[in-house]
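Reader: I would like a close look at one part of this model, starting from a single serine and its surroundings, and then a walk outward from there. Please keep it plain and tie each point to particular residues.

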Amino acid sequence: MVPCSDPICPSVVQPAASDCTNQNNQCGYSFQYGDGSGTSGYYVSDLLYFDMVLGNSLIVNSSAPIIFGCSTYQSGDLTKTDKAIDGIFGFGQQGLSVISQLSSRGITPKVFSHCLKGEGNGGGILVLGEILEPSIVYSPLVPSQPHYNLNLQSIAVQGQLLPIDPAKFVTTNNRGTIIDSGTTLSYLVDEAFDPFVSAITTAVSQSASPVISKGNQCYMVPTSINEIFPPVSLNFAGSASMVLRPQDYLIHYGVFDGAPLWCIGFQKVQDQGVSILGDLVLKDKIVVYDLARQRIGWANYDCSLSVNVSITSGKDEYVNAGQLVSSSSRNMLFKTPVALLVHVLVFIGFIIS
């Protein structure tokens with residue numbers, strides 16, 4: 001238990017997110033996430049166990065003390081039975097997140113990566129370090145933001161730019177675009193959502209029948225979605241594009257009138273708001289959160305395969321980590337960012353001189 005008298009309570013925890021008014025002398029917290037859900041409780045300290053990779057060897061049963069929250073109250077989607085979770089693994093930029101605590105003590109580099117499997121039972125890989133892949137493209141983070149904000153500049157459907165005012169994507173107090181793998185779907189501001197759905201509907205008008213199901217734009221699809229639905233490109237600052245396959249923006253909703261029913265997986269954000277890119281678009285990709293260089297990178301990847309991780313020690317050195325492979329999912333959610341903790345891999349080669 002972390003008492004109110006512990007220096008971590010008033011100094012590291014943001015004042016708006018801490019509470020020491022309770023009678024039990026427990027350092028409390030209250031957080032809201034990008035999708036509107038929230039949690040509150042009190043802080044405790046314990047050991048985090050992980051596999052530590054040094055060169056080509058794997059050292060098991062490594063550990064480090066971390067402070068984390070013990071939740072006593074949840075709100076929003078966290079209260080829904082079908083979305084019940086065992087915990088939230090915080091990987092934000094704030095000082096008390098897991099990656100900030102470990103990197104500040106030199107235990108891990110100031111970068112982490114994940115690769116989330118989109119098929120089957122989910123799962124994937126989480127690396128406290130940098131996953132290497134030649135095709136990764138990077139976009140700079142918007143500075144001084146509480147979330148992982150990127151500068152989304154335009155959206156293209158089948159190579160055609162949509163008529164969206166770029167100003168609608170500019171980061172302000174109540175606008176912008178964030179990467180949040182703790183969000184299942186993805187969300188677009190209405191100025192982008194409407195032309196996006198219209199372009200998709202027009203592109204498939206000769207092959208799929210549009211229908212509205214539970215307020216969502218859906219399509220009765222007689223064949224494979226990859227044969228008739230167009231690619232979508234999200235274009236970010238730094239000439240970095242995230243190309244979405246149909247399964248990255250559509251969700252299968254069963255059968256309707258004998259035909260498979262696929263619906264737009266993006267949700268509309270009414271009025272002014274923040275666009276959120278969640279697991280719907282992040283799955284089947286390596287995503288690298290490079291906090292040291294203040295950038296996020298991504299590349300399409302089969303997340304059932306092993307990955308390469310890097311050693312950096314003042315100069316670039318790389319090692320093939322071999323069998324750093326994905327495993328099946330557990331019932332845990334990662335917010336801002338990161339989604340499924342399936343195998344924690346801490347890469348400490350960065351401390352080699």
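Author: Ser97 lies in the loop between β4 (57-75) and α2 (98-104). This is a predicted model, and what follows describes that prediction. Ser97 is on a loop but not at the surface: its relative accessible area is 9%, so it counts as buried, the cut-off being under 20%. The side chain of Ser97 makes a polar contact of 3.0 Å with the side chain of Ser100. If neighbours within four places in sequence are set aside, the residues in contact with Ser97 are Gly90, Phe91 and Gly92.

Two other loop residues can be set beside this serine. Ser144 sits in the loop between β8 (137-140) and β9 (148-150). Its phi is near 60 degrees, a positive value in a residue that is not glycine. Ser144 has 74% relative accessibility and therefore counts as exposed, since exposed means over 50%. Asp284 also has a positive phi, of about 55 degrees, and is not a glycine either. Asp284 is found in the loop between α5 (279-282) and β22 (285-290). Unlike an exposed residue, Asp284 counts as buried because its relative accessibility is 14%, and the limit for buried is under 20%.

Asp284 leads into strand β22, where 6 of the 6 residues are buried. On one side of the strand these are Lys285, Val287 and Tyr289, and on the other Ile286, Val288 and Asp290, so that both faces are covered. The buried set thus includes Lys285 and Asp290 as well as Val287 and Val288.

What pairs with β22? Strand β5 runs antiparallel to β22 and is joined to it by 5 bridges. Within β22, Val287 is the residue opposite His114. Strand β23 is also antiparallel to β22, with 6 bridges between the two. Here Tyr289 has Ile296, in β23, as its bridge partner. The hairpin of β22 and β23 has 4 residues between the strands, and in it Gln294 takes a positive phi near 55 degrees.

Strand β5 brings in the disulfides, of which there are 2. A disulfide is a covalent bond between the sulfur atoms of two cysteines. One of them joins Cys115 to Cys303, with 1.9 Å from S to S. The angle about this S-S bond is -80 degrees, and the link of Cys115 and Cys303 is left-handed. Cys115 belongs to strand β5 (residues 111-116), while Cys303 is in the loop between β23 (295-300) and β24 (308-312); the pair is 188 residues apart and links distant parts of the chain. Cys115 counts as buried because its relative accessibility is 0%. Cys303 has a relative accessible area of 1% and so is buried too.

The other disulfide is formed by Cys218 and Cys263, whose sulfur atoms are 1.9 Å apart. With 95 degrees about the S-S bond, this link of Cys218 and Cys263 is right-handed. It connects Cys218 in strand β15 (residues 216-220) with Cys263 in strand β19 (residues 259-264), distant parts of the chain that are 45 residues apart. Buried or exposed? Cys218 is buried, as its relative accessible area is 0%, and Cys263 is buried at 1%. By contrast, Cys70 is partly exposed, because its relative accessible area is 29%, which falls between the limits of 20% and 50%.

Strand β19 runs from residue 259 to residue 264, which leads on to Ile264 and the nonpolar core. In soluble globular proteins, nonpolar side chains tend to be buried together. The largest nonpolar core in this model has 59 residues, and Ile155, Phe196, Phe229, Tyr249, Ile264 and Phe266 touch the most other members. Helix α3 (residues 190-203) gives the most to this core, contributing 6 residues. Beyond its neighbours within four places in sequence, Ile264 is in contact with Phe193, Phe196, Val197, Ile200, Gln217, Tyr219, Tyr249 and Leu250. A separate second core has 14 residues, among them Val111, Ile125, Ile131 and Tyr138.

Conventions:
Residues are numbered from 1 along each chain as its sequence is written. This is a predicted model: local features need pLDDT of at least 70, side-chain atom pairs count only at pLDDT 80 or more; totals for chains, interfaces and linings use all residues. Side-chain values use heavy atoms; hydrogens and water are left out. A nonpolar core is a set of buried Ala, Val, Leu, Ile, Met, Phe, Trp, Tyr and Cys residues joined through side-chain atoms within 4.5 Å. Buried means under 20% relative accessible area, exposed over 50%, partly exposed in between (1.4 Å probe, protein chains only). Contact means heavy atoms within 4.5 Å. A disulfide is a pair of cysteine sulfur atoms within 2.5 Å. Two strands pair if DSSP finds at least two bridges between them. A polar contact is a pair of N or O atoms within 3.5 Å; within protein, one must be able to donate a hydrogen and the other to accept it, and residues adjacent in sequence count only if both atoms are side-chain atoms.
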